[in-house]
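This report introduces one protein model to a reader who has not met it before. The sequence and the structure are shown first, and the description follows.

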Amino acid sequence: MRKILVFAVAVFCLAWLASVPAALAGTHRLGVGANYWKTVNDLEIEDATDIDENGLSWLASYQYVPAGIFKLEVDLEYYPKLAGQEAFWSPELFVLVGGTIYAGAGIGVYYDGEVFNDTPFYMLRAGFDFTILPFLSLDINANYRFNDWDSFDTDDLDTDTIRLGAAIRFAL
């Protein structure tokens with residue numbers, strides 16, 4: 001009888017261990033999208049010309065959705081033109097809470113193709129994540145992006161931006 005009990009406990013433990021990775025696996029989603037951005041205030045910098053105060057950026061997105069209400073998102077945003085220069089990139093990381101209606105916070109940094117910016121920027125996001133098909137979703141969101149510009153000497157510089165974004169994601 002003892003051998004049967006040990007065997008039953010061993011089978012139960014193996015079945016439980018096999019089910020744990022499946023329960024923690026979550027959903028992995030890849031997507032593409034765009035953001036329209038606009039600065040909150042006019043940028044007034046002496047001796048600077050051709051500074052964009054609005055524009056369109058493109059993004060590639062990876063989202064991990066574990067069981068529960070949390071989502072982790074990693075984006076790579078591409079700006080064809082930003083601050084009078086060509087081709088900026090921006091890796092970003094978000095922690096989101098919710099389901100169809102969600103909110104969260106993120107952090108990112110600018111990369112000009114040679115060096116990363118010294119200071120990161122921060123983002124607050126709220127959005128709607130609609131399931132179109134079981135493997136396809138549409139994410140429409142609004143973002144507020146802000147920076148810490150203590151290293152600048154002017155009080156006229158305010159680069160906070162409001163952003164409206166959309167992404168389509170495919171579940172893997």
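Leaving aside neighbours within four places in sequence, with which residues is Ser-61 in contact? The model is predicted, and in it Ser-61 touches Arg-29, Leu-30, Gly-31, Glu-73, Val-74, Asp-75 and Arg-169. Ser-61 belongs to strand β2, which covers residues 54-65. With a relative accessible area of 4%, Ser-61 lies under the 20% limit and therefore counts as buried. Its C-alpha atom is 8.0 Å from that of Ala-167, although 106 residues along the chain separate Ser-61 and Ala-167.

## Overall architecture

The secondary structure consists of 1 helix and 8 strands. Read from the N terminus, the order of elements is α-β-β-β-β-β-β-β-β. The protein has 172 residues, of which 31% count as buried. Among contacts with a separation of 6 or more, 49% are between residues 24 or more positions apart. The exposed area of the protein is about 10800 Å², and carbon and sulfur atoms supply 68% of that area.

## Salt bridges

The structure contains 9 salt bridges. Three of them are set out below.

| Pair | Closest N to O distance |
|---|---|
| Arg-125 and Asp-75 | 3.9 Å |
| Arg-163 and Glu-77 | 2.1 Å |
| Asp-139 and Arg-169 | 2.9 Å |

Arg-125 forms a salt bridge with Asp-75. This pair links distant parts of the chain, with Arg-125 in strand β6 (residues 121-133) and Asp-75 in strand β3, 50 residues apart. Arg-125 counts as buried because its relative accessibility is 6%, under the limit of 20%. Asp-75, at 3% relative accessibility, also counts as buried.

A salt bridge also joins the side chains of Arg-163 and Glu-77. Here too distant parts of the chain are linked: Arg-163 is in strand β8 (residues 161-171) and Glu-77 is in strand β3, with their positions 86 residues apart. Arg-163 and Glu-77 are both buried.

Asp-139 and Arg-169 make up a further salt bridge. The two residues come from distant parts of the chain, Asp-139 from strand β7 (residues 136-147) and Arg-169 from strand β8, 30 residues apart. Asp-139 is buried, with a relative accessible area of 0%, and Arg-169 is buried, with a value of 1%. Which residues are joined into one network by salt bridges that share partners? The network is made up of Glu-73, Asp-75, Arg-125, Asp-139 and Arg-169. Of this network, Glu-73, Asp-75 and Arg-169 are also among the contacts of Ser-61.

## Aromatic residues

The structure holds 9 aromatic pairs. A pair of aromatic rings is described by the distance of the centres and the angle of the planes. Why is the pair of Trp-37 and Tyr-79 edge-to-face? The ring centres of Trp-37 and Tyr-79 are 6.4 Å apart and the planes stand at 70 degrees; an angle over 60 degrees counts as edge-to-face, so the pair receives that description. The pair links distant parts of the chain, since Trp-37 lies in strand β1 (residues 27-39) and Tyr-79 in strand β3 (residues 70-82), 42 residues apart. Trp-37 is buried, with a relative accessible area of 3%, and Tyr-79 is buried, with a relative accessible area of 1%.

Trp-37 and Tyr-79 also belong to one aromatic cluster, together with Phe-88, Tyr-110 and Phe-121. Another ring, that of Phe-94, has Arg-125 over its face, at 3.9 Å from the ring centre. Arg-125 is thus placed over a ring and is also the salt-bridge partner of Asp-75.

## A nonpolar patch on the surface

Leu-30, Tyr-62, Val-74, Leu-93, Ile-107, Tyr-122 and Leu-172 make a nonpolar surface patch of about 620 Å². Two members of the patch, Leu-30 and Val-74, are also in contact with Ser-61. Leu-93 is located in strand β4, which spans residues 85-98. Is Leu-93 buried, exposed or partly exposed? Its relative accessible area is 42%, between the limits of 20% and 50%, so Leu-93 is partly exposed.

Note on methods: Residues numbered from 1 in each chain as written. Predicted model: local features only at pLDDT ≥ 70, side-chain atom pairs only at ≥ 80, totals over all residues. Heavy atoms only, no water. Patch = residues over 30% accessible without salt bridge, like charges linked within 9 Å, V, L, I, M, F, W, Y side chains within 5 Å. Areas by Shrake-Rupley, 256 points an atom, 1.4 Å probe, with all protein chains shown as cover. Salt bridge = Lys/Arg side-chain N within 4 Å of Asp/Glu carboxyl O. Helix = DSSP H or I, 4+ residues; strand = E, 2+ residues; numbered from the N terminus. Buried < 20%, exposed > 50% of the residue type's maximum accessible area, 1.4 Å probe, protein only. Contact = heavy atoms within 4.5 Å. Phe/Tyr/Trp six-rings, centres within 6.5 Å; stacked < 30°, edge-to-face > 60°. Lys NZ or Arg CZ within 6 Å of the ring centre and 35° of its normal.
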